[in-house]
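Trainee: I'm new to this one and could use a walk-through. Can we put it up on the screen first?

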Amino acid sequence: MITRGRVEALFGLEHPIVQGPFGGGLSTVRLAAAVSEAGGLGSFGAHILEPEQITKLVAELKAATDRPFAVNLWVPQAGETEPAELAAHIDRLRPYYEELGVPAPGPVLPPSPSFAEQVEALVEAAPPVISFVMGIPSPEVLAEAGRRGIRTIGTATTVDEAVAVEAAGMDAVVASGSDAGGHRGAFLRLVDESLVGTFSLVPQVADAVTIPVIAAGGIADGRGVAAALVLGADGVQIGTGFLATDESGASAVHKRALHGPDARTTVLTRLFSGRLARGIPNRFVRELRPYEDAVPPYPIQNALMLPIRRAAAERGLPDLVNLWSGQAAPLTTPRSARDYLEALVADAARTLGHT
Ligand SMILES: Cc1cc2nc3c(=O)[nH]c(=O)nc-3n(C[C@H](O)[C@H](O)[C@H](O)COP(=O)(O)O)c2cc1C
């Protein structure tokens with residue numbers, strides 16, 4: 001036992017370690033189940049899935065493990081559906097469509113799945129835990145989850161967001177520092193005013209709320225787990241470290257990049273999706289850097305980039321694909337999720353002098 005046991009008791013875990021969900025297609029049932037079977041909380045990022053795919057996913061996860069697991073959704077933010085004048089944005093990306101030989105998107109972009117329908121399907125399917133990012137779902141959704149015995153986790157990038165997650169009645173809060181890989185989940189202030197590093201954020205959140213705090217961002221080995229617990233967290237959520245494991249859905253080029261020299265200096269960029277996210281700099285990021293503030297918001301830029309990202313990923317071209325990564329990627333090593341989780345627990349205990 002290396003903690004006060006609040007996260008373990010809340011979710012029914014052996015270890016206070018959550019495998020962070022990966023949206024955008026990098027989550028796998030295999031990874032989530034492996035983490036849950038090893039005593040942590042495996043998660044699956046479902047924000048791009050249609051409602052019927054979510055129903056099927058929860059059934060697959062339940063078949064793969066008897067242990068608790070979490071499914072994650074993105075709460076939509078204001079302005080996401082506003083139409084934009086696309087021509088200039090498509091022209092900016094035209095050289096990349098041409099280089100990859102993929103057609104540029106037409107003037108009407110495919111609609112994203114409806115959050116209302118996604119969350120209805122998810123609550124109906126009743127996974128043990130649902131986690132949310134980018135905002136707080138409605139009181140009705142949280143009440144229905146509560147009635148069905150589903151635990152809920154909210155994600156905060158600032159102290160105010162953590163207080164709002166607690167006030168909404170959610171069971172635990174992820175304090176996500178700006179060191180973290182993937183998208184920033186700011187929802188109360190502009191994202192540029194919500195970039196608090198993990199070391200600063202976690203103790204302030206621990207002081208401000210009474211629900212269990214799960215630290216995220218830049219934690220990749222036992223020293224990071226120990227530090228988060230000393231800072232007042234009840235548990236940790238690790239994304240990049242689990243992305244590097246055998247069971248993750250990251251491509252071979254992505255996994256290689258996590259251990260390459262550019263992973264030591266990740267960047268925050270809007271270029272891939274229209275929403276700020278942390279990843280490894282590559283040719284695309286370097287060439288389009290002057291347009292960081294000119295690209296259209298999520299989900300428009302995301303849809304415009306999809307053909308480029310897909311073609312580059314299929315062909316194994318790291319230069320044009322989003323290589324999401326947190327700042328601690330170089331601390332990770334390729335291995336199985338179980339080996340990784342067991343090493344995190346043993347090394348954290350040793351660091352804290354609990355062996
Ligand atoms: C590829 C990738 C995709 C992610 N997608 C999501 C997501 O859909 N929802 C979410 O709540 N967090 C998402 N995250 C954040 C992770 O779940 C986790 O909180 C974060 O990676 C922790 O920081 P670390 O990367 O430094 O370990 C993503 C992270 C990565 C690296």
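Mentor: We'll go through the ligand, then the hollow spaces, then some single residues.

Mentor: Before that, this is a predicted model, where local features need pLDDT of at least 70, side-chain atom pairs count only at pLDDT 80 or more, and totals for chains, interfaces and linings use all residues. Residues are numbered from 1 along each chain as its sequence is written, and side-chain values use heavy atoms, with hydrogens and water left out.

Trainee: Okay, ligand first. Which residues come nearest to the ligand?

Mentor: Asn72, Gly218, Gln237, Gly239 and Thr240 come nearest, out of 20 residues around the ligand. A residue is near a molecule if one of its heavy atoms lies within 4 Å of it.

Trainee: And what does an oxygen atom of the ligand find at 2.9 Å in Trp74?

Mentor: An N or O atom in the side chain of Trp74. Pro21 also has a polar backbone atom 2.9 Å from an oxygen atom of the ligand, and for a polar backbone atom of Gly181 the distance to a ligand oxygen is 3.0 Å. A polar contact is a pair of N or O atoms within 3.5 Å; within protein, one must be able to donate a hydrogen and the other to accept it, and residues adjacent in sequence count only if both atoms are side-chain atoms.

Trainee: How much of the ligand does the protein bury?

Mentor: The protein buries 95% of the 600 Å² that the ligand exposes when taken alone. Those areas come from the Shrake-Rupley method with a 1.4 Å probe, and for residues only the protein chains shown count as cover.

Trainee: Which elements give two or more residues to the shell?

Mentor: Strands β3 (69–74) and β9 (235–238) do. Helices (H or I, at least four residues) and strands (E, at least two) are DSSP runs, numbered from the N terminus.

Trainee: What's the shell like by class?

Mentor: It has 10 nonpolar, 10 polar and no charged residues. Here Ala, Val, Leu, Ile, Met, Phe, Trp, Tyr, Cys and Pro count as nonpolar, Asp, Glu, Lys and Arg as charged, and the others, Gly among them, as polar.

Trainee: Switching to hollow spaces. How many cavities of 30 Å³ or more are there?

Mentor: One, and about 30 Å³ of space lies in the largest cavity. Its lining has six nonpolar, three polar and no charged residues, including Phe272, Ile280 and Trp324. On a 1 Å grid over the protein atoms alone, a cavity is a set of points where a 1.4 Å probe fits but cannot get out, and a pocket is an open set with protein on both sides within 12 Å along at least five of seven lines; lining residues have an atom within 4 Å of a point. Grid points are joined across faces, edges and corners, and a volume is the space filled by probe spheres set on the points.

Trainee: What about the second largest pocket, how much space lies there?

Mentor: About 460 Å³. It is lined by 20 residues, and Gln77, Val191, Gly274, Arg275 and Pro297 lie nearest its centre. That lining has 10 nonpolar, four polar and six charged residues.

Trainee: Any backbone oddities? What should I expect for phi and peptide bonds?

Mentor: Most residues other than glycine have a negative phi, and most peptide bonds are trans. In this model, the bond from Tyr298 to Pro299 is cis, with omega near 5°, and Pro299 sits in the loop between α12 (283–288) and α13.

Trainee: Which residues have a positive phi, then?

Mentor: Among them are Ala126, with phi near 55°, and Met134, at about 80°. Ala126 is in the loop between α5 (115–125) and β4 (129–133), while Met134 is in the loop between β4 and α6 (139–147).

Trainee: Is Met134 buried or exposed?

Mentor: Met134 counts as buried because its relative accessibility is 2%. Buried means under 20% relative accessible area, exposed over 50%, and partly exposed in between (1.4 Å probe, protein chains only). Ala126 has 25%, so it counts as partly exposed.

Trainee: Last one: where is Glu287, and what does its side chain join?

Mentor: Glu287 is in helix α12, and a polar contact of 2.5 Å joins its side chain to that of Tyr96. Glu287 counts as partly exposed, at 39% relative accessibility.
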